[in-house]
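Please read the sequence alongside the model below, and follow the chain with the paragraphs that come after it.

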Amino acid sequence: MRVELVTTLKRQATKILADLHISKEPVLITEHGQPSAYLVDVEDYEFMQQRIAILEGVARGEQAIKNGNVFSNQEAKEKMSQWLK
């Protein structure tokens, strides 16, 4: 992972972004020697957001099962057929 100072980002933003688009490697921006932000390619960010949404859905499903909030196979088929009309 590439690491850049915030001052370098201010001075060379166009170059850093161009390199990011080519390499697809995230850039860690530091401020006063501490991590401050990550720069990531737009496609990579959107892919990560999609993965998070899927994982959150799985977690909600697992929680529903744990809480006993489930449907029988027949109930599920009926609900799905209503949604698909």
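Which strands does helix H1 lie across, and at about what angle does it run to E1? In this predicted model, helix H1, made of residues 6-23, lies across E1, E2 and E3, and its direction is at about 145° to that of E1.

The sheet beneath this description is an open one, in which 3 strands follow the order E1-E2-E3 with mixed pairing. Its edges are strand E1 (2-5) and strand E3 (34-39), each of which pairs on one side only, and the twist from one strand to the next averages 35°. Between E1 and strand E2, which covers residues 27-31, the pairing is parallel and extends over 4 bridges; within it, leucine 5 has threonine 30 of E2 as its bridge partner.

Two loop residues deserve a look at their backbone angles. Most residues other than glycine have a negative phi. Lysine 24, however, has a positive phi near 65°, and this residue sits in the loop between H1 and E2, where it counts as partly exposed because its relative accessibility is 36%, a value between the 20% and 50% cut-offs. Histidine 32, in the loop between E2 and E3, likewise has a positive phi, of about 55°, without being a glycine; with a relative accessible area of 79%, histidine 32 is exposed, because the cut-off for that class is over 50%.

As for confidence, the chain averages a pLDDT of 95, and 100% of the residues score at least 70. Among the elements of the chain, E2 has the highest mean pLDDT, 98, whereas helix H3 (residues 73-83) has the lowest, 89.

Conventions. Residues numbered from 1 in each chain as written. Predicted model: local features only at pLDDT ≥ 70, side-chain atom pairs only at ≥ 80, totals over all residues. Heavy atoms only, no water. Pairing = 2+ DSSP bridges. Axes fitted to C-alpha atoms, helices over the stretch in contact; angles between N-to-C directions. Contact = heavy atoms within 4.5 Å. pLDDT = per-residue confidence, 0-100. Buried < 20%, exposed > 50% of the residue type's maximum accessible area, 1.4 Å probe, protein only.
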